[in-house]
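The following exercises are to be worked with the sequence and the coordinates at hand. Each task is followed by a solution in steps.

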Amino acid sequence: MIQRLEKQRRDFFAAVSHELKTPITILKGQLESMLIGIGDYRNHEKYLPQSLAAVEDMEYLVKEILSVAKMEAMGLEGSMADISIANLLKKVITAISLLAQEKQIEIQVELLEDVNTAVQPQLFEKAISNILINAVRHSPAGARVITRLSKKSLTVENTGVTISQEDLPYMFTPFYRVDKSRNRATGGSGLGLYIVRTILDLHKLSYGIESLQDSVLFTVNLNQN
């Protein structure tokens, strides 16, 4: 177990190093070219906003990396609380509703109200938010994201998209992208589901992702109190 966790940690930081290397190299090249005044790079008004956007992307990525490191180091630290999962879901869905509207995604909910379980509220909210945001981001316009809550489980299903059997085992791997053309500009930090895995593992909750005929289904099995 310890060896497996250590390997995961090594793989994670190796992936982080690889993911940061390319944008840092590009940014350095842009800034050096602007300082020297090479060709079109003399047009600072054009390239400075691009450089700032690259820095902001890296800043967001570093924050996500630090978030993962903090979670792994601190664990749950006795901060568990018995909360209403339905209320938490309503809060998260309200927060991402604008993103869904922009992508013309319909969010449907089927919630059993009296479902309580012991979780670390902030971390569990982060996990659920990442699952829903991931579903919205990776669904085509006009698709539906269906959130169901029962006594035993929470499921999030997004329609209009599938995942190949070859990709499924790697969905929780840092920076793994099913669509190889996607990057942080179009597909988030690449750490969304890895953070979900880290949080749910800390809670000792089982979970899984599967590809159905015309949808992707994420399931979290709840230890209800």
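**Exercise 1.** What is the accessible surface of the protein chain, and what percentage of it belongs to carbon and sulfur atoms?

*Solution.* The model is predicted. Its protein chain has an accessible surface of about 12,700 Å². Carbon and sulfur atoms account for 55% of that surface. As for the interior, 41% of the 225 residues in the chain are buried.

**Exercise 2.** Determine how many helices and strands the protein chain contains, and in what order they run.

*Solution.* The chain has six helices and seven strands. Read from the N terminus, the order is α-α-β-α-β-β-α-β-β-α-α-β-β.

**Exercise 3.** Compare the expected span of helix α3 with the distance between its end C-alpha atoms, then describe its course and its cover.

*Solution.* Helix α3 comprises the 18 residues 85–102. At 1.5 Å a residue, the helix should span 26 Å; the end C-alpha atoms lie 26 Å apart, so the two values agree. A bend of about 45° occurs at Ile96, which is also one of the buried residues of α3. The cover over these buried residues includes β1 (81–84), β3 (116–119) and α4 (121–137). Just after the helix, Gln104 adopts a positive phi of about 60°.

**Exercise 4.** Is His203 buried or exposed, and which residues does His203 touch?

*Solution.* His203 lies in the loop between α6 (192–202) and β6 (207–211). The cut-off for a buried residue is under 20% relative accessible area; His203 has 8% relative accessibility and therefore counts as buried. Its contacts beyond four places in sequence include Leu76, Met80, Leu123 and Phe124. Gln120 is also among them, and the His203 side chain reaches the backbone nitrogen of Gln120 at 2.9 Å.

Conventions. Residues numbered from 1 in each chain as written. Predicted model: local features only at pLDDT ≥ 70, side-chain atom pairs only at ≥ 80, totals over all residues. Heavy atoms only, no water. Helix = DSSP H or I, 4+ residues; strand = E, 2+ residues; numbered from the N terminus. Buried < 20%, exposed > 50% of the residue type's maximum accessible area, 1.4 Å probe, protein only. Polar contact = N/O pair within 3.5 Å; in protein donor to acceptor, adjacent residues only side chain to side chain. Contact = heavy atoms within 4.5 Å. Expected span 1.5 Å × (residues − 1). Bend = angle between axes of the 7 residues up to and from the residue. Areas by Shrake-Rupley, 256 points an atom, 1.4 Å probe, with all protein chains shown as cover.
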